Amino acid sequence: MKTIVVIDDEPVIRGMLVRHLEASRWQVIEADNGNDGLALVANHRPAAVICDLLMPGTTGFNVCRAIRARRDELGDITIIVTTGSSFPGDRQNALEAGANHVLIKPVPPGQIAEILDSIPLPAAAGPADPAPPVADSARIRFWGVRGSIATPGPETVRYGGNTTCVEVRVGEDIVVLDAGTGIRPLGEALRREFAGRPISVQLLLTHTHWDHIQGLPFFSPIHARGSSITVLGYEGAKQSLLKTLSAQMDSTVFPIGMDQLAGNIVVRELHELEFRAGRVPVQAIFTHHPGVTLGYRLGTPGGGVVFMPDTEIMPFPRPRPVRIQANGGDESDDFNSYKNQLLAEFASGAEVFICDAQYTAEEYERRVGWGHSCVDDTVRLALQAKVKRLILFHHDPTHDDATIDRLVAHARELAASAGGALQIDAAAEGMEILLQRKPRAQSPAATAQ
Ligand SMILES: [Zn+2]
Ligand SMILES: [Zn+2]
């Protein structure tokens, strides 16, 4: 998904643009004045900017000039100026200030779409632009499957007590999804496998809640000379990704600081929602969870792998308890289904969908708005997205092995009653999934995922 910044002081016009752009799968960031818009452009480095000419803060002319003055850093952002002025002088001045296109309001959405469709995909997240992976298969291995807090003990031995960490191997590329406590045993396994040879890992963080980062200080490759760990994630709502990761290794809580590690650690904040981790193509989506949280979709030779450990899927229609009904009438139901539709489109046709299924439907009734999903909604989203295989993930710390067994049985009943062929399992530590390249006829779709 490409990012666009829309700067316009007219809420109605911004609203129309945002609706249209989101429907065309753009990640839209908005500002209602020129100064805020410029700050967003600098932070997010979008592929395109749509900008009004006359607005508070600073004018669209200045926005264009400021973006072009930082071309080395921001790249060739496509700038579309929209204006109510049809004076030729204004148009000329906007073009001279750096606009690529000047369109007169009201601008037909089709005219903007035509321009935006021609913008190429952004560059990869890394400085190099490596070739796509050369591999016939991918392997997924689960190292941590629990949400919220680690829960070791006799009641969780079968599914495991470590918090979230999933390894995806595609050829030589090692992509690690989240750094919960499960990343510690992964580090040990890598150390044994590589036996002193340098280890290179791409670590994708969905967000910085404890259960997703707490294992990182204990991931042995960060302490090994010659290892290289690229940490990719979005900036937080309050501070940068590097600052949050460094804080959990501050000397008051951990003996070794982020700046004292023997391995080569690079923390790279994402500015685009489509990039590569090593040679593996990745798409990202913002999920419904407190703070700034992403879901990821990895393109592998065996099909798409979607990882969405923390998201509150909007309740699908079913008999609702009064408390939930009070939250919404028809309008919020429409909005809910729109939000689910975005998630379903993101996961559409995935080979493996690893998704938040923390609660039972009964538990969820008491935890609406906590940012996690109940298994019933997770199954319905998987059915809507027509994924092949659903992996229930982010198990609640209070759920023992027997409870998770019951969740799986319930999920399978729901899927069976819908008549589909959806395969469902609960994530368990040590579980592996091997994805083989599809036969020739299906391979274009698989590689495009
Ligand atoms: Zn979590
Ligand atoms: Zn979280």
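# Strands, cores and two unusual residues

Biologist: In which sense do strand E6 and E19 pair?

Modeller: This is a predicted model, where local features need pLDDT of at least 70, side-chain atom pairs count only at pLDDT 80 or more, and totals for chains, interfaces and linings use all residues. Residues are numbered from 1 along each chain as its sequence is written, and chains are lettered from A and ligands numbered from 1 in the order in which they are written. Strands (E, at least two residues) and helices (H or I, at least four) are DSSP runs numbered from the N terminus, and two strands pair if DSSP finds at least two bridges between them. Strand E6 (residues 137–144) shares five bridges with E19, and the sense is antiparallel.

Biologist: Which residue in E19 stands opposite Arg139?

Modeller: E6 covers residues 137–144 and pairs with E19. Opposite Arg139, in E19, stands Leu434.

Biologist: Which strands stand at the edges of the open sheet?

Modeller: The sheet has seven strands, in the order E11-E10-E9-E8-E7-E6-E19, with mixed pairing. An edge strand here has a single partner strand, so one side is left without a neighbour in the sheet. The edges are E11 (264–269) and E19 (432–436).

Biologist: What angle does the direction of H7 make with that of E6?

Modeller: H7 packs on the sheet and touches E6, strand E7 (165–170) and strand E8 (173–177). Touching means contact: C-beta atoms, placed from the backbone, within 7 Å. Axes are lines fitted to C-alpha atoms, for helices over the stretch in contact, with angles from 0 to 180 degrees between N-to-C directions. The angle is about 130°.

Biologist: Is Ala195 buried or exposed?

Modeller: Ala195 is in the loop between helix H7 (183–194) and strand E9 (200–204), and has a positive phi of about 40° although it is not a glycine. Most residues other than glycine have a negative phi. A residue is buried with 20 or more other C-beta atoms within 10 Å of its own, exposed with 12 or fewer, and partly exposed in between; C-beta atoms are placed from the backbone. Ala195 has 6 such neighbours, so it counts as exposed.

Biologist: Which helix gives the largest share of the largest nonpolar core?

Modeller: A nonpolar core is a set of buried Ala, Val, Leu, Ile, Met, Phe, Trp, Tyr and Cys residues joined through C-beta atoms within 7 Å. The largest has 83 residues, and Leu390 is one of those with the most contacts inside it. Five residues, the largest share, come from helix H13 (residues 375–385).

Methods. Two residues are in contact if their C-beta atoms, placed from the backbone, lie within 7 Å.
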